[in-house]
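Dear colleague,

I am passing a structure on to you, and I would be glad if you looked through it alongside the notes in this email.

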Amino acid sequence: MLRLFVLVLLLHVYMGWRLVPDMPFGVAGMVATILLLALSLSVMPFAEYARRNKRNPGADHLAGAGFLALGFFSSVLILTLLREVVLLAGLAAATGSLIDAATYQQLRMGSAAAVPLLAVLVTAVGFVNARRIASIRIVEVPITGLPESLRGFSIVQISDIHVGATIKQGYVSRIVDAVNALEADIIAITGDLVDGSVGRLSPHTAPLERLCSRHGTFFVTGNHEYYCGAHAWIAEIRRLGVSVLLNEHIVIEHFGETIVLAGVTDLGAHHFDPAHRSDPVAALAGAPEMAAVRVLLAHQPRSAFAAAQAGFQLQLSGHTHGGQFFPWNLAVKLLEPFTAGLHRLDNLWIYVSRGTGYWGPPKRFGAPSEITHLRLIPA
């Protein structure tokens, strides 16, 4: 933690060095920028303090402030780096006599002021986007050979809610209300439901007991469940009436047709419990061969490669958050094979939710949260 703090300190010093001397509005502009950066640096550690002192009655509020500062810091840093590119281009233009020295100086001052102002704006808009209830995203998935009686079969997916320091019972309850209003055939929760222990968070996940659909609600573990005591959470989620699929499947009869719904543990689960190694083949073992549709719930999109070989037609995943906010909504595409939306891999459709909540900074910008209403249609 000391090394991390030193790194963050140095980055704040760098940002101040690059921005403060060029700040317009004289001394007032310089002092305001220094105070803003100092506030960011001093508040960010609150998140780690709260994690280590969970019994502090104000821990969650401190964590929220720390995460908000982290989101602001991220935006200032990225915008400062983008400003460097702009200034290099401006310097090249000035050297080539394309612009005069006065214009270049105006560029320096204007861009210096723009960085903190844009960071504040993006953080504020991102906060509003994160805290409001996710919008409904309707997705039609064409399935080859789908019987007419299954046309319009609906699955409502929620994912990556991350109940914890800043996401509480009221937030979860509003999600449940929105999901129930869709009157789904199946409700799927594709992992990363929580960021904390059952003892601390069970009152805040309690609204999930109200989830209602024709064939039930189903859950698969994400990586964050394993950080927080997966076995205890599996028991708690089952107590709420939600079916947990651990490398297994159920058979659903719907108007005379058979649907196989399977679920796998998180890809990294075996690092915490060898018995929880993710296995799409095992999840499908013993399933009816003549099933009309085979659907897999898998937290991480990377499960798709094994799912395609196993013979699934549709996989529902989360994990990526779609990057959550700029520029990570662009960078995540370099790290994940499927990042958001509907994708195709051989005969498998993969839908990746951007998440229904958020992790860490209460900030969504360029990657909106979603409650996904998927409908099956014939291809």
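Below are some notes on the nonpolar cores and on two buried residues.

This is a predicted model, in which local features need pLDDT of at least 70 and side-chain atom pairs count only at pLDDT 80 or more, while totals for chains, interfaces and linings use all residues. Residues are numbered from 1 along each chain as its sequence is written, and side-chain values use heavy atoms, with hydrogens and water left out.

A nonpolar core is a set of buried Ala, Val, Leu, Ile, Met, Phe, Trp, Tyr and Cys residues joined through side-chain atoms within 4.5 Å, where buried means under 20% relative accessible area (1.4 Å probe, protein chains only). The largest such core has 31 residues, and Val163, Val179 and Leu193 touch the most other members. Among the elements that each supply at least two residues of this core are β2 (154-158), α6 (169-180) and β3 (186-189), with the largest share, 5 residues, coming from α6; helices (H or I, at least four residues) and strands (E, at least two) are DSSP runs, numbered from the N terminus. A second, separate core of 25 residues includes Ile155, Val220, Ile252 and Leu374.

Turning to single residues, Arg18 sits in helix α1 (residues 2-19) and counts as buried because its relative accessibility is 17%. Ser303, in the loop between β8 (293-297) and α11 (304-310), is also buried, with a relative accessible area of 4%. Setting aside neighbours within four places in sequence, Ser303 is in contact (heavy atoms within 4.5 Å) with Val264, Leu267, Ser278, Pro280, Ala298 and Gln315.

With best wishes

Key: Buried < 20%, exposed > 50% of the residue type's maximum accessible area, 1.4 Å probe, protein only.
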